[in-house]
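Student: Could you take me through one part of this protein up close? I would like to look at a loop and at the backbone of a residue in it.

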Amino acid sequence: MKRHFLYIGILLTIFLLPTGCLEVEELEDGLNSTEVVTPEVSNVSYYWATINPKSYYGGGDYKIVVSKNADLSDPIYDNNYYNSGSIELKNLKSGTTYYYQAALVDPKGYEKKGDIKQFTTLPTIRIEAECVRETPTSGMYVYIKIYDFTVPSTDNGYKYSTDIGCKFKRYQPTSPYMNAPAYYDLSWHFTSTQFNTNNDNPWTLTMYIPYSDWSYNDFYFQPYIYNNATQHTDYGDMEHYTYQ
């Protein structure tokens with residue numbers, strides 16, 4: 001009889017041990033029982049997108065990582081999310097695929113990650129700009145190049161565009177991908193009607209800004225072109241200028 005009870009005791013010990021280990025492991029990691037779901041994006045446009053993260057409670061911080069690389073290297077956004085609303089990604093590049101992933105992070109730094117998803121911003125007209133000063137105190141030339149902006153393609157509404165220019169910002173945005181493109185210190189543009197009569201590709205426009213209007217030699221700038229037909233503004237990439 002004693003052997004019988006001893007055998008039962010050994011079996012109970014064997015069956016209970018795995019359960020105890022799982023409970024301890026779960027307490028250490030804190031996230032094992034939570035399924036992390038990477039959310040979908042919404043409002044994907046030419047240069048912005050919205051991420052609406054799922055709310056998680058009692059399981060640590062929620063993090064979103066966004067990158068132009070499939071392995072999420074060199075992220076443009078890598079930050080914790082505190083259930084305070086959607087994440088607005090702005091100043092994105094048009095016609096570009098971005099990859100993103102959600103993760104839960106416990107107080108000890110353990111991460112449980114969701115799957116990697118992707119979205120692609122809408123394609124638009126390619127526009128570039130270059131700023132040039134001859135001396136640190138001279139006026140500044142701004143050369144704007146617009147690609148595939150020709151007379152046969154006037155249906156895009158740019159035929160008689162009256163607002164082509166460049167926006168300037170003195171200081172680096174705290175987070176460039178979280179600031180609206182319109183938040184600049186100066187917006188300089190052409191005042192006459194623009195028309196690419198020669199079908200030049202790229203079509204190059206030159207602006208001259210007096211030193212008295214913009215005296216900074218370390219700033220950020222971004223070209224734009226306004227579409228009269230759709231009331232849509234296309235932006236080029238945000239660039240950094242430093243006088244050399």
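Tutor: Happy to! Let's begin with a term: strands here are DSSP runs of E with at least two residues, and they are numbered from the N terminus. Keep in mind that this is a predicted model.

With that in hand, find the loop that connects strand S3 (61-67) to strand S4 (77-81); Leu72 lies there. The backbone of Leu72 deserves a look, since its phi is near 65°, a positive value in a residue other than glycine. Is Leu72 buried or exposed? The cut-off for buried is under 20% relative accessible area. Leu72 has 12% relative accessibility, so it counts as buried.

For a comparison, move to the loop between strand S1 (41-42) and strand S2 (48-51), where you will find Asn43. Asn43 is not a glycine either, yet it has a positive phi of about 55°. Its surroundings are another matter: the relative accessible area of Asn43 is 53%, so this residue is exposed.

One more loop has a backbone feature to show you. Between strand S12 (186-189) and strand S13 (203-209) sits Pro202, and the peptide bond that joins Asn201 to Pro202 is cis, with omega at about 5°.

Now step back to the whole chain. There is one helix alongside 16 strands, and buried residues account for 37% of the 244 residues. If you take contacts between residues at least 6 apart in sequence, 65% of them join residues at least 24 apart. Finally, the chain has an accessible surface of about 14200 Å², and carbon and sulfur atoms contribute 51% of that.

Note on methods
Residues are numbered from 1 along each chain as its sequence is written. This is a predicted model: local features need pLDDT of at least 70, side-chain atom pairs count only at pLDDT 80 or more; totals for chains, interfaces and linings use all residues. Side-chain values use heavy atoms; hydrogens and water are left out. Helices (H or I, at least four residues) and strands (E, at least two) are DSSP runs, numbered from the N terminus. Buried means under 20% relative accessible area, exposed over 50%, partly exposed in between (1.4 Å probe, protein chains only). Contact means heavy atoms within 4.5 Å. Accessible areas come from the Shrake-Rupley method with a 1.4 Å probe; for residues, only the protein chains shown count as cover.
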